[in-house]
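Colleague: I am new to this model and would like a close look at its salt bridges, with the partners placed along the chain and their burial described. Please take them one at a time, and end with some context from elsewhere in the fold.

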Amino acid sequence: MEFVLNEYHRNTSDEELIADVKRVAGLLQQESLTQKEYKQHGAYNPATIARRFGTWNDALKKAGLVLERVKLYKQHKYCESDEAFFEDIRRVAQQLGKSFVSRNEYEEYGIYASGIRQKKYKGWNGLLKAAGLEPTPFRTGPNRKYTNKEIFEEIERVWILLGRQPKYIEARNGGLFRFSETVLCNHFGSWRKALEAFVAYINSDDDNDKDSQTEPTETIEPLTNNAEGITIRHKTNRNIDLRMRFRVMARDHFKCCKCGKSPATDPTVILHIDHIYPWAKGGETVMENLQTLCSECNLGKSDLLIDNE
Ligand SMILES: [Zn+2]
């Protein structure tokens with residue numbers, strides 16, 4: 001917590017504060033000013049100035065300066081041709097190793113201003129489609145409401161990818177998560193609370209909650225084993241839900257039980273959950289009968305089973 005000289009600032013007029021903001025902008029010969037820049041050269045605490053006028057941008061406006069956000073947009077060049085623009089989006093996608101690029105990611109890594117073309121192609125996803133990329137998996141915008149399940153699935157995906165708990169800084173830096181850390185923080189209150197909610201969900205066995213009911217469920221039907229004519233009646237569903245999948249993978253340290261490969265050390269590795277004793281033969285979907293396998297080992301195993309059957 002920063003020490004603020006309250007008495008001193010209380011006696012400083014609005015005009016004095018704004019005059020000092022202008023002075024620093026002039027000193028640095030800049031149209032705009034970040035709080036960090038002001039802090040180095042200004043006479044007052046930038047947080048105090050921001051509070052006094054509402055936000056830092058409000059103070060900049062009062063001082064007749066360019067807003068920070070606007071300044072950021074100005075750095076993007078106008079692009080003459082659609083093809084050059086698409087080329088640049090594809091470059092960013094490749095750089096990030098993704099099949100899509102979010103608007104925020106493009107603003108950070110792209111070189112062109114996107115506003116006009118977003119209009120032309122009816123939104124960001126239309127633009128991605130025209131560039132031959134996939135749409136962003138999550139709709140964006142201030143009114144977009146995410147379900148807990150969507151967020152938990154995303155945390156799970158990243159957690160498995162890293163083979164460990166994701167860090168706040170990784171959510172903030174972008175690239176890993178498909179949505180910004182503010183989505184997580186706004187939804188749950190904070191990054192920590194989002195992780196706590198995820199862990200509580202994983203650990204819970206409550207199937208009555210709203211989210212799990214929306215999952216597609218396979219009806220449990222008795223199966224006939226043709227070879228021996230024995231009817232198998234399953235106690236569990238073949239479907240492995242997010243919670244069980246995560247629990248099995250966490251138990252197996254997010255690694256293939258056969259060859260030890262993991263996405264954390266080799267991003268091309270895809271992990272699956274496998275029934276050790278096949279479900280078709282009466283194996284149940286319970287922790288003890290499940291294991292983590294990479295796609296290669298899992299494929300090898302199915303072939304073997306087909307041979308046996
Ligand atoms: Zn393997």
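Modeller: A salt bridge here is a side-chain nitrogen of Lys or Arg within 4 Å of a carboxyl oxygen of Asp or Glu. The model is predicted, so local features need pLDDT of at least 70 and side-chain atom pairs pLDDT 80 or more, while totals for chains, interfaces and linings use all residues. Residues are numbered from 1 along each chain as its sequence is written, and side-chain values use heavy atoms, without hydrogens or water.

Across the whole structure, a search finds 14 salt bridges. One of them joins Arg 251 to Asp 252, with 3.0 Å between the closest N and O atoms. Arg 251 is partly exposed, its relative accessibility being 36%, whereas Asp 252 has a relative accessible area of 13% and is buried (buried is under 20%, exposed over 50%, partly exposed in between, with a 1.4 Å probe and protein chains only). Elsewhere, Asp 82, Arg 117 and Lys 120 belong to one network, joined by salt bridges that share partners.

Within that network, the side chain of Asp 82 meets that of Arg 117 in a salt bridge with an N to O distance of 2.6 Å. This pair links distant parts of the chain, for Asp 82 belongs to helix H7 (residues 82-96) and Arg 117 to helix H9 (residues 115-120), 35 residues apart; helices are DSSP runs of H or I with at least four residues, strands are E runs of at least two, and both are numbered from the N terminus. Asp 82 counts as buried because its relative accessibility is 17%, and Arg 117 counts as buried because its value is 6%. Asp 82 also meets the side chain of Lys 120 in a salt bridge of 2.7 Å, N to O. Because Asp 82 lies in helix H7 and Lys 120 in helix H9, this pair ties together parts that are 38 residues apart in sequence.

For context, the largest nonpolar core (buried Ala, Val, Leu, Ile, Met, Phe, Trp, Tyr and Cys joined through side-chain atoms within 4.5 Å) holds 35 residues, of which Ile 151, Ile 155, Leu 184 and Phe 198 touch the most other members. Among the elements that each supply at least two residues of this core are helix H11 (148-162), helix H16 (242-251) and strand S3 (271-275). Helix H11 gives the largest share, seven residues.
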